[in-house]
Amino acid sequence: MKKAILIMKPMVLLAMIFSLTLGSCKKGWFDEENGHGGGGGNGGGNEAVTTTGVVERVQCGVSVFGSEMWIRTSSGILLQPCMVSSLIPMKPLQEGDKVEVVYRKYTGNMLMLDPACSKLYIPNNNIVYTKAIIDFIKIQTTTNGSCPEVTIINTKPEYDKLKNTNNISVKSARIEGSSLLLEITYGGCNNNTESIKLVGQATERSDLLTYQVMAINEKPQGCKALITANVCFDLSMLKATIDGYIRIHVEGTNQDLIF
């Protein structure tokens, strides 16, 4: 009888391990409360590291930047963004975005201030990762690759018609180099931004050449989901023949950008 019990114990143990790994997003081996995790688990240093990387989608991986949005650094380290510094906003990221990031290792229980690190659902127990506190992050290049150019509209009625029927909201706008980077929200079915275009209209401003510009969706979708995305546009053609600065006013914002 004792021999039979000894044989059963390994069988029960194997069954328990199998049950932890069964299913696509089951809670299991990598949960924080089980004392496991990547290089950013309990202990370790918290010296700030400045690096570049690419946003990578990790199936079922929790992140403060949205479900599954992790960062693969240029040195190959996979970061799970657990927390962000109070000094930076929570910026939406897309798979494939190239980013500059400053991070520190997460070094233990942060008294419930780390909801993204307190739970983790990963089906693959072989993933090696580092839990990280993000002190700074900036998108260098969006998933669009090379930014498309602006389409200039020469007639004000045509521009105004697009403006009155447009369903895209601009949350933020900034210029980096010769690119205009927009964070937008729109109604649709997915975050495919290939149909998002930028149109511009020159305006009468005596102090500085000014363009009004707006993002439009050339192929609006019937779905009503609210999508947030980052898109970029090349402003080089607007300045090709201008010796000096131009002003860019993005519809939907209260700011003028000098380029």
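Which residues is Ile184 in contact with, leaving aside its neighbours within four places in sequence? Select Ile184 in this predicted model and look around it. Its partners are Ile168, Ser169, Val170, Lys171, Ile196, Ile227, Thr228, Ala229 and Val231.

**The largest core**

Now widen the selection. Ile184 is one of the residues with the most contacts inside the largest nonpolar core, which has 24 residues. Add Leu180, Leu182, Leu198, Ile248 and Val250, which are listed with Ile184 for the most contacts there. Next, colour the strands that give two or more residues to this core. They are E7 (169-176), E8 (179-188), E9 (196-203), E10 (210-217), E11 (225-234) and E12 (247-250). In soluble globular proteins, nonpolar side chains tend to be buried together.

**The second core**

Move on to Val55, Val64, Val101 and Tyr103. These four are among the 14 residues of a second, separate core.

**Strand E2 and its partners**

Select residues 69-73, strand E2. Four of its five residues are buried, so the strand is largely enclosed by the rest of the structure.

Show strand E1, residues 49-57. E1 and E2 run antiparallel, joined by five bridges. Pick out Arg57: Met69 of E2 stands opposite.

Then show strand E3, residues 78-84. E3 pairs with E2 over two bridges, again in the antiparallel sense. Here Ile71 is the residue to click, with Leu79 of E3 opposite.

**The turn**

Finish at the hairpin formed by E2 and E3. Four residues lie between the two strands. Stop at Gly76 in the turn, where phi is positive, about 95°.

Methods. Residues are numbered from 1 along each chain as its sequence is written. This is a predicted model: local features need pLDDT of at least 70, side-chain atom pairs count only at pLDDT 80 or more; totals for chains, interfaces and linings use all residues. Side-chain values use heavy atoms; hydrogens and water are left out. Buried means under 20% relative accessible area, exposed over 50%, partly exposed in between (1.4 Å probe, protein chains only). Two strands pair if DSSP finds at least two bridges between them. A nonpolar core is a set of buried Ala, Val, Leu, Ile, Met, Phe, Trp, Tyr and Cys residues joined through side-chain atoms within 4.5 Å. Contact means heavy atoms within 4.5 Å.
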